[in-house]
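The following exercises are to be worked with the sequence and the coordinates at hand. Each task is followed by a solution set out in steps.

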Amino acid sequence: MRQTHRAVICLGSNTPDASLRIALALDGLRRSADVLQTSDAYVNDDDTGRGAPYTNLVAECDTTCTLEDMCDIITRLETEGGRTADSKATAVMPIDIDIVIWDGDILRPYDYTRPYFTRGYTRLAGSE
């Protein structure tokens, strides 16, 4: 029997169709994970000050995938969602997906403290 892992994932986009891109990424995520709950979508300023505001959403998921496999899946979803090597450089991010917490371990301490994550994370049941 495969081990189940719990992941808390932040999704964001700063394009005019951000809500659609996040919805499509969530649908893709559901092919490999059981999405237990999500925050409502919300808007935060771009941390760098260079790009448009981001629409963000935080999702809590269970998966039997390994962390490495989930990272590969997320990279594929970002590519399918329009993210390119130039996205970050041009401050236009069609979709950004990050695993912030994996099995209770904080993988991305910087993201864990940023409003684009904490705002959604505190809205998940039991996280407040």
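**Exercise 1. The strand partners of β1**

Determine which residue of β5 stands opposite Val 8, and describe how β1 pairs with β5 and with β4 in this predicted model.

Solution.
- Step 1. Val 8 faces Ile 101, which belongs to β5.
- Step 2. The pairing of β1 with β5 is antiparallel and comprises six bridges.
- Step 3. With β4, β1 also pairs in the antiparallel sense, here over nine bridges. Within that pairing, Ala 59 of β4 is the bridge partner of Ile 9.
- Step 4. Of the nine residues of β1, eight are buried, so the strand is largely enclosed by the rest of the structure.

**Exercise 2. The nonpolar cores**

Identify the residues that touch the most other members of the largest nonpolar core, and state which elements each supply at least two residues to it.

Solution.
- Step 1. The largest nonpolar core has 21 residues; those touching the most other members are Ile 9, Leu 11, Met 70 and Ile 97.
- Step 2. At least two residues of this core come from each of β1 (5–13), α1 (18–29), β4 (54–63), α2 (67–80) and β5 (96–102).
- Step 3. Another core, of nine residues, lies apart from this one; Val 8, Tyr 42, Tyr 116 and Phe 117 are among its members.
- Step 4. For Ile 97, neighbours within four places in sequence are set aside. The remaining contacts are with Ile 9, Cys 10, Leu 11, Ala 25, Ile 74, Leu 77 and Glu 78.

**Exercise 3. The cysteines**

Establish how many disulfides the structure holds, and examine Cys 10 and Cys 71 in turn.

Solution.
- Step 1. The number of disulfides is zero.
- Step 2. Cys 10 takes part in no disulfide: the nearest cysteine sulfur belongs to Cys 61 and is 12 Å away. A disulfide would require two cysteine sulfur atoms within 2.5 Å.
- Step 3. For Cys 71, the closest cysteine sulfur is that of Cys 65, at 11 Å, which is too far for a bond.
- Step 4. Cys 10 has a relative accessibility of 6% and therefore counts as buried. Cys 71, at 37%, counts as partly exposed.

**Exercise 4. An aromatic cluster**

Classify the ring pair of Tyr 112 and Phe 117, and name the residues of the aromatic cluster to which they belong.

Solution.
- Step 1. The structure contains three aromatic pairs.
- Step 2. In the pair of Tyr 112 and Phe 117, the ring centres are 5.9 Å apart and the planes meet at 40 degrees; the pair is therefore tilted. The class follows because planes under 30 degrees apart count as stacked and those over 60 as edge-to-face, with the rest tilted.
- Step 3. Together with Tyr 121, Tyr 112 and Phe 117 form one aromatic cluster.
- Step 4. Phe 117 is buried, its relative accessible area being 0%, whereas Tyr 112 is partly exposed at 29% relative accessibility.

**Exercise 5. The surroundings of Asp 62**

Is Asp 62 buried or exposed, and with which side chain does its own side chain make a polar contact?

Solution.
- Step 1. Asp 62 is situated in strand β4.
- Step 2. Its relative accessible area is 17%. Asp 62 is therefore buried, because the cut-off for this class is under 20%.
- Step 3. The side chain of Asp 62 is in polar contact with that of Arg 6, at 2.4 Å.
- Step 4. Residues up to four places away in sequence are not counted here. On that basis, Asp 62 touches Thr 4, His 5, Arg 6, Ala 33, Asp 34 and Leu 36.

**Exercise 6. Positive phi angles outside glycine**

Locate Ala 91 and Asp 103, each a non-glycine residue with a positive phi, and give the burial class of each.

Solution.
- Step 1. The phi of Ala 91 is positive, at about 60 degrees, although this residue is not a glycine. Ala 91 is placed in the loop between α3 (87–90) and β5.
- Step 2. With a relative accessible area of 11%, Ala 91 is buried.
- Step 3. Asp 103, likewise not a glycine, has a positive phi of about 50 degrees. Its position is the loop between β5 and β6 (105–106).
- Step 4. Asp 103 has a relative accessible area of 35% and is partly exposed.

Note on methods. Residues are numbered from 1 along each chain as its sequence is written. This is a predicted model: local features need pLDDT of at least 70, side-chain atom pairs count only at pLDDT 80 or more; totals for chains, interfaces and linings use all residues. Side-chain values use heavy atoms; hydrogens and water are left out. Buried means under 20% relative accessible area, exposed over 50%, partly exposed in between (1.4 Å probe, protein chains only). A nonpolar core is a set of buried Ala, Val, Leu, Ile, Met, Phe, Trp, Tyr and Cys residues joined through side-chain atoms within 4.5 Å. Helices (H or I, at least four residues) and strands (E, at least two) are DSSP runs, numbered from the N terminus. Contact means heavy atoms within 4.5 Å. Rings of Phe, Tyr and Trp (its six-membered ring) pair if their centres lie within 6.5 Å; planes under 30 degrees apart count as stacked, over 60 as edge-to-face and the rest as tilted. Two strands pair if DSSP finds at least two bridges between them. A polar contact is a pair of N or O atoms within 3.5 Å; within protein, one must be able to donate a hydrogen and the other to accept it, and residues adjacent in sequence count only if both atoms are side-chain atoms.
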